[in-house]
Amino acid sequence: MRAQESRVLCRLLPSPHQVQALYMGRWSCTDVLCCIIFILCIIGYIILGLLAWVHGDPRRVAYPTDSKGHFCGQKGTPNENKTILFYFNLFSCTSPSVVINLQCPTTQICVSKCPEKFLTYMEIQFTYRTNKNYWTYYSQFCKSTFVKPAKTLTQVLLDDDCPIAIFPSKPFLQRCFPDFSTKNGTLTVGNKTTFEDGSGKTRNAIELRAAANRVNKILDARTIGMKIFEDYATTWYWILLGLIIAMLLSWMFVILLRYIAGLLFWVFMVGVIGIIGYGIGHCYQEYCNLQGQPNSHLTVYDIGIQTDISMYFQLKQTWFTFMVILCLLEVFIILMLIFLRERIRISIALLKEGSKAIGYIPTTLVYPLLTFIFLSICISYWAVIAVYLATSGVPVYKVITPEGQCKHENTTCDPEIFNTTEIAKACPGAQCNFAFYGGKSLYHQYIPTFQIFNLFVFLWLINFVIALGQCALAGAFASYYWALKKPDDIPPYPLFTAFGRAIRYHTGSLAFGSLILASIQIFRIVLEYLDRHLKEAQNNISKFLQCCLKCCFWCLETVVKFLNRNAYIMIAIYGKNFCKSAREAFNLLMRNVLKVAVMDNVTDFVLILGKILVTGCIGVLAFLLFTQRLPTIIEGPTSLNYYWVPLLTVIIGSYLVAHGFFSVYAMCVDTIFICFLEDMERNDGSTERPYYMSQSLLKILNEPSMQTKKP
């Protein structure tokens, strides 16, 4: 009789594929209009890239440019063997016009090597009759080749043919910078502290250093940069090994969560309660120690605002306040654990269920690599377009004067005829130097607009890639939840199927949610840009309003990310459009707001704990290795300049690796939680409508009438 009833029940129950169709919706294209707009934007983005590629020239970034707009070191040009930029008069770079025009008001030419000795034009004229080799060496730093130094110093200054002095220099960032060194704590250049500048003045190395810093503020980082590069060259394989170990630890942690998620949570809570209890005891002890101390009975209002914070810790009121706050916090945590213990058990069960799901669909742990590839493509394309747009146009030359007091300062000019114009006569010493690349065509006029469009579409694509990953993972984990018999009834290739379904049917919905988020982010970027460029012109009220706007947009972005994430889960489950999915997800979460709050906190804590454990373990091992504190076990690198360089690299890299693994885990738990809430609302645990949750979740709920559906 029972066998007959079982056969009848099996015939009444739907097949696994029918269950998937029932609970995961019928698929059709959603948000088609937004999909069309998104595709058109991508087409426009590609066209913009082609236009930028036609008009731009990245060589303008790769190669230094002399005062005539010619590239240094470009093949097929007279400067092919002249790869270094040389400044005629580096002292003129202290002019205020450097900050305004971002150009040093001195002639700049391409040379094959930097000067290696002190020489002035006046010295060359005196020594030319006895030794012509000095002039041969000196003339390579002139604009044109001269047979002999026949011109007077005044004429050289007017014609700007040669530098009036050269100093020992070394190439840095393809530019000649003085060869600074420190001797007995004194800054020197070429082992000299003072030298002639060629105009009859005696200069010191500090003045030259100030001029060089105006040209390149990262001159001080030259030595540090070289040492950091050496450290990376020495430790790259140790860094790679650390990242591999971080990946293995992350994998192990995800597996262990299946068994010890509850243990980890309760150990943490006991630790928190213990730490707060210790704080209460310490505050009470300090309060008792201050009994009878002079002035300890005073209040904060009595002493007012003090710059010495330690004065507040000499008051009994301070320690009493701390003790009360900690006591309230302790009581709050204990009460939350008592009254929410069942919901916490559900959250822990969800964590364990998430580990099972990832164990059955291990390909999901590889998906972060695909997301990384997509994001790398988007970032690279955006950066390339930005460079090509920035280097679009023809060379533009502007008038630059050393003192910056000419009325024609910063006006455009033609270097070929500049010396014959009225500007050269009205402004003695003025030069027509290369400033930037630009133009007057329609394309060049809209380059700033194109840059904004480039940034906006970049943000849109970045958010779309993240949304695509969330939707694909949600679809894979939802197919796990609604499987009748796990893992037998899980569809084949669930991640691949969910990814294809998201691309085929829900590109418009994912683009819609990404568009909202990108719009908020572009507003935040604009606010940040205005804040940095108008900081000095702002008053306190405007600063306060701008701070409020930043805070509001940050909160808005956080809320939208949360809503989008749950909307993508609903899209993956039911296949509805973005607005309906977002509304249903929001209503579902609001009907279970207490469960949501508890589940989010528990899940976030466990995942943060996992990241800290992985990063901390790898960080400690790397610290011991790079500081040579494990010589008896393993011999690490012994010639590091800065051990913190590879150490920070390993720590940050380990955190990113762990974050990639646990982001999949977080998406798994969120999806199972949404499915769990849907299961609770759509089914009642009866024979006709049994729950689809696993036996472990069902057992946690502790209701005798609940049954899971079996095939």
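Helices and strands are here DSSP runs, of at least four residues for helices and at least two for strands, and they are numbered from the N terminus. In these terms, the predicted model holds 24 helices and twelve strands.

**Stop 1: the whole chain**

Begin with the entire protein in view. Of its 711 residues, 44% count as buried. Among contacts between residues at least 6 apart in sequence, 71% join residues that are at least 24 apart.

**Stop 2: the nonpolar cores**

A general remark is helpful before the next selection. In soluble globular proteins, nonpolar side chains tend to be buried together.

Select L350, Y665 and F676. These residues have the most contacts inside the largest nonpolar core, a set of 116 residues. Which helix gives the most to this core? It is α17, with 20 residues.

Keep Y665 selected and display its surroundings. Leaving out residues up to four places away in sequence, Y665 touches V254, L257, L351, K352, G354, S355, I358 and L607. A second core, separate from the one above, has 18 residues, including I84, C114, W135 and Y137.

**Stop 3: D31 and G56, on either side of α3**

Select D31, in the loop between α2 (16-23) and α3. Its phi is near 50 degrees, a positive value in a residue other than glycine.

Next, select G56, in the loop between α3 (32-55) and α4 (59-62). Is G56 buried or exposed? Its relative accessible area is 11%, and buried means under 20%, so G56 is buried.

Add L389 to the selection. G56 and L389 lie 333 residues apart in sequence, yet their C-alpha atoms are 5.9 Å apart in space. When neighbours within four places in sequence are set aside, G56 is in contact with Y388, T391 and S392.

**Stop 4: α17, Y493 and α18**

Two packed helices are described by the angle between their axes and the distance between the axes. Both values are given for the pair that follows.

Select helix α17 (residues 447-481) and helix α18 (residues 494-505); their axes come within 8 Å and cross at roughly 130 degrees. This angle lies outside the ranges for roughly parallel (under 35 degrees), roughly perpendicular (65 to 115) and roughly antiparallel (over 145), and α17 and α18 are therefore oblique to each other. The crossing of α17 with α18 is right-handed.

Which residues of α17 and α18 meet? On the α17 side they are L468, C471, A472, L473, G475, A476 and S479, and on the α18 side P494, L495, A498, F499, R501, A502 and I503. By class, this contact has eleven nonpolar, two polar and one charged residues.

Between α17 and α18 there is a loop, and Y493 is located in it. Its phi is near 50 degrees, which is again a positive value in a residue other than glycine. Y493 has a relative accessibility of 66%, and exposed means over 50%, so Y493 counts as exposed.

**Stop 5: α20 against α23**

Select helix α20 (residues 540-574) and helix α23 (residues 644-682). Their axes come within 10 Å and cross at roughly 65 degrees, and the crossing is right-handed.

From α20, the contact is made by R565, N566, I569, M570, I573 and Y574; from α23, by S663, A666, M667, D670, T671, I674, C675, E678 and R682. These residues divide into eight nonpolar, three polar and four charged.

**Stop 6: α21 against α23**

Keep α23 selected and add α21. The two helices pack at an angle of about 75 degrees, with their axes 11 Å apart. An angle of 65 to 115 degrees counts as roughly perpendicular, and α21 and α23 are therefore described in that way.

The contact is made by L588, L589 and R591 of α21 and by F673, I674, L677, E678 and E681 of α23. It has five nonpolar, no polar and three charged residues.

Now select S581, which is in helix α21 (residues 578-591). S581 is buried, with a relative accessible area of 1%. Apart from neighbours within four places in sequence, S581 is in contact with A567, M570, I571 and K576.

**Stop 7: F626**

Finally, select F626, in helix α22 (residues 593-626). This residue is buried, with a relative accessible area of 4%. Add L647: the C-alpha atoms of F626 and L647 are separated by 7.2 Å, and the two residues are 21 apart along the chain.

Terms used
Residues are numbered from 1 along each chain as its sequence is written. This is a predicted model: local features need pLDDT of at least 70, side-chain atom pairs count only at pLDDT 80 or more; totals for chains, interfaces and linings use all residues. Side-chain values use heavy atoms; hydrogens and water are left out. Axes are lines fitted to C-alpha atoms, for helices over the stretch in contact, and angles run from 0 to 180 degrees between N-to-C directions. A crossing is left-handed if the near helix is turned anticlockwise from the far one by less than a right angle, and right-handed if clockwise. Contact means heavy atoms within 4.5 Å. Ala, Val, Leu, Ile, Met, Phe, Trp, Tyr, Cys and Pro count as nonpolar, Asp, Glu, Lys and Arg as charged, and the others, Gly among them, as polar. Buried means under 20% relative accessible area, exposed over 50%, partly exposed in between (1.4 Å probe, protein chains only). A nonpolar core is a set of buried Ala, Val, Leu, Ile, Met, Phe, Trp, Tyr and Cys residues joined through side-chain atoms within 4.5 Å.
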